[in-house]
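Open the model in your viewer and keep the selection tool ready. The tour goes from the whole chain to single residues.

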Amino acid sequence: MASIHIADRCLCCGGEQLSAFPAVLMPFVAHRALGWQPVRIAEDWQMAHLQTGIAYSVCNTLYCRDCHFVFLDMRFDGEAMANLYRDYRGDEYVALRDHYEPGYAQRNAGLLDGMGYVDKVEDFIGGVAPGIATVLDYGGDTGINSPFRHRAEVFVYDISGCEVVDGARRLSRDELRRGAYDLIVLSNVLEHDPDPERLLREVCRYMDGGTHLYLEVPAEQLFMRFGEGMDAARNKHHWHEHINFFTRPSLQRLLARCGLAALASATLVIDEARPNLQVVGVLCRLVGGGAGNG
Ligand SMILES: [Zn+2]
């Protein structure tokens, strides 16, 4: 059975000074990951102390008063994650999501074509680390958004099990090799992960002194609207697949804990037609070239 763990400390800095605000786990995620469906509280239940209406799965938004990380208190176990991301955006996923979020199926058709900003990512990475010849896209789905896929040898590691696009090669976990890649990409993955520190430490195992790591997380609209402080957490009322909202200090603290140093960062606009749709990209290396890591 899929299960959850409730976070009791900050997943970025380890701090224990947390504030909690009640929120809702969106029904698509609750249903697909955990099998929890909304329930209608009807008149004929004759409940004295419940109001009628639909009850959704409740959760808490947690806020770290130290590094300002904003996150869902529920942390899914491996089985819940496998349920959620199996055949990601495949037929069954799309059907259930469209049931709870009408119109999703149509939006998804656009997502499968890939994002249009990979050239900006390549320019950013190439400006700091020229000559990338081998790339591991960790959590890279089908590889459709993998940087340098038309110029470099691209490997994809992903739990979704989707077919990869032409020009990319899927690797199993056993096939991953330390130091075999000029660039490891961890793009739009950290915000989904129940334990971002463990994930980053795992990725670091495949880096050596010559490897660059490109991290990308969404530049959350919530922070643009409310700033990177407690106001943002107070106004985070629902949680979907993105269970971690990284502020700049929280990301820095997380990187430092994992022995990573940021070389450069950039805010990139995903779609020029919607200029507030942005991502934060950070290029890193192991601190001290990885001496002592491994
Ligand atoms: Zn923190």
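Accessible areas here come from the Shrake-Rupley method with a 1.4 Å probe. By that method, the protein exposes about 14400 Å². Carbon and sulfur atoms supply 49% of that area. Keep in mind that this is a predicted model.

**Whole chain**

Show everything as a cartoon. You should find nine helices and 16 strands. The radius of gyration is 20 Å, close to the 19 Å that the globule rule gives for 294 residues, so the protein is as compact as a globular protein of that length. Turn the C-alpha trace along its principal axes: the spans are about 70 × 40 × 40 Å.

Now colour by burial. Buried residues make up 48% of the 294 residues. Among contacts with a separation of 6 or more, 68% join residues 24 or more positions apart. Then colour by charge. There are 28 positive and 39 negative charges, and their mean positions are 4 Å apart.

**Helix 1**

Select residues 27–34. Seven of the eight residues are buried, so helix 1 is largely enclosed by the rest of the structure. Pick out P27, F28, V29, A30, R32, A33 and L34: these are the buried ones. What do they pack against? Show strand 1, strand 2, strand 5 (57–64) and strand 7 (74–76), then add helix 2 (78–85) and helix 3 (91–100). Step past the end of helix 1 to G35, where phi is positive, near 75°.

**C12**

Go to the loop between strand 1 (4–6) and strand 2 (18–25), and select C12. Is this residue buried or exposed? C12 counts as buried, because its relative accessibility is 0%, and the cut-off for buried is under 20%.

Next, add R253. This residue lies 241 residues from C12 along the chain, yet their C-alpha atoms are separated by 6.1 Å. Leaving aside neighbours within four places in sequence, C12 is also in contact with C67, F69, F246, S250, L254 and R257, as well as with R253 itself.

**Helix 5**

Finish at residues 118–128. V121, E122, F124 and I125 are buried in helix 5. They cover an arc of only 165° around the axis, which puts them on the same side of helix 5. An α-helix has 3.6 residues a turn, so residues three or four places apart point the same way.

Which strands do the buried residues of helix 5 pack against? Display strand 11 (183–187), strand 12 (212–219), strand 15 (260–269) and strand 16 (278–286). Then rotate to the face turned away from the buried side of helix 5: exposed D123 and G127 are there.

How values were computed
Residues are numbered from 1 along each chain as its sequence is written. This is a predicted model: local features need pLDDT of at least 70, side-chain atom pairs count only at pLDDT 80 or more; totals for chains, interfaces and linings use all residues. Side-chain values use heavy atoms; hydrogens and water are left out. Buried means under 20% relative accessible area, exposed over 50%, partly exposed in between (1.4 Å probe, protein chains only). Helices (H or I, at least four residues) and strands (E, at least two) are DSSP runs, numbered from the N terminus. The arc is that of the directions from the helix axis to the C-beta atoms. Contact means heavy atoms within 4.5 Å. The radius of gyration is taken over C-alpha atoms; the globule rule is 2.2 Å times the number of residues to the power 0.38. Lys and Arg count as positive and Asp and Glu as negative; His and the chain ends are not counted. The place of a charge is taken as NZ of Lys, CZ of Arg, CG of Asp or CD of Glu.
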